[in-house]
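Look over the sequence and the structure below before reading on. The paragraphs that follow go from the whole chain to one part of its surface.

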Amino acid sequence: MKLMALFVDFFRLKKIPHYHGDSIRQIFVGTALLWLIATPIWGDILPFGSLFSILSALALVLLAALTNPRSSVPLIADALISGAGVFLLEAAAISFYDTDPIVLLVIREIAAIALIIAFYMSVKTARAMLEGSIGAYPTVSDSPEK
């Protein structure tokens with residue numbers, strides 16, 4: 001039985017209820033990779049220069065690495081950064097859709113959609129942490145009365 005528990009822990013088949021940090025981490029790293037691959041090929045994703053693009057990708061990876069189920073501070077930072085990212089990406093997509101290549105518009109939209117999902121998950125997880133329900137399974141007393 002202990003071998004099975006080790007197997008489950010090793011492959012992370014056991015999920016923590018109300019915690020979405022693992023998904024947020026994957027979205028942030030995937031968005032950073034998309035950002036770093038697209039910038040030298042098609043141009044800057046945001047109109048702030050290449051240095052900003054590199055620093056933005058590093059910030060996403062840093063936040064992904066700091067996200068954990070024991071602290072709400074990184075999750076609040078995740079929400080702030082992903083929300084700002086959605087705002088900036090959509091503003092750039094709307095402002096430059098007629099001057100930049102269509103590929104940049106598509107990449108901006110993909111990144112914005114990914115970050116809006118990360119925003120939702122980070123706010124939901126931060127709320128659950130602040131309520132103290134991370135890791136808690138629903139009980140009978142949590143169900144509404146009939």
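How much area does the chain expose, and what share of it do carbon and sulfur atoms supply? The chain exposes about 9400 Å², and 72% of that area comes from carbon and sulfur atoms. These values, like the others here, are computed from a predicted model.

The secondary structure consists of five helices and zero strands. Read from the N terminus, the order of elements is therefore α-α-α-α-α, with helices and strands taken as DSSP runs. The chain has 146 residues, and 31% of them are buried. As for contacts between residues at least 6 apart in sequence, 72% join residues that are at least 24 apart.

Next comes the surface. A nonpolar patch is formed there by Val29, Leu33, Ile37, Ile41, Trp42, Val61, Ile102, Val103, Val106 and Ile110. Together these residues have about 870 Å² of accessible area. Two or more residues of the patch come from each of helix H2 (21-42) and helix H5 (102-131). Helix H2 gives the most, with five residues.

Val29 can serve as an example from this patch. Val29 lies in helix H2. Is Val29 buried or partly exposed? Its relative accessibility is 32%, so Val29 counts as partly exposed. The class runs from 20% to 50% relative accessible area, with buried residues under 20% and exposed ones over 50%. Residues of a patch need over 30% relative accessible area, and Val29 has 32%.

How values were computed: Residues are numbered from 1 along each chain as its sequence is written. This is a predicted model: local features need pLDDT of at least 70, side-chain atom pairs count only at pLDDT 80 or more; totals for chains, interfaces and linings use all residues. Side-chain values use heavy atoms; hydrogens and water are left out. Patches are made of residues with over 30% relative accessible area and no salt bridge: like charges are joined within 9 Å, nonpolar side chains (Val, Leu, Ile, Met, Phe, Trp, Tyr) within 5 Å. Accessible areas come from the Shrake-Rupley method with a 1.4 Å probe; for residues, only the protein chains shown count as cover. A salt bridge is a side-chain nitrogen of Lys or Arg within 4 Å of a carboxyl oxygen of Asp or Glu. Helices (H or I, at least four residues) and strands (E, at least two) are DSSP runs, numbered from the N terminus. Buried means under 20% relative accessible area, exposed over 50%, partly exposed in between (1.4 Å probe, protein chains only). Contact means heavy atoms within 4.5 Å.
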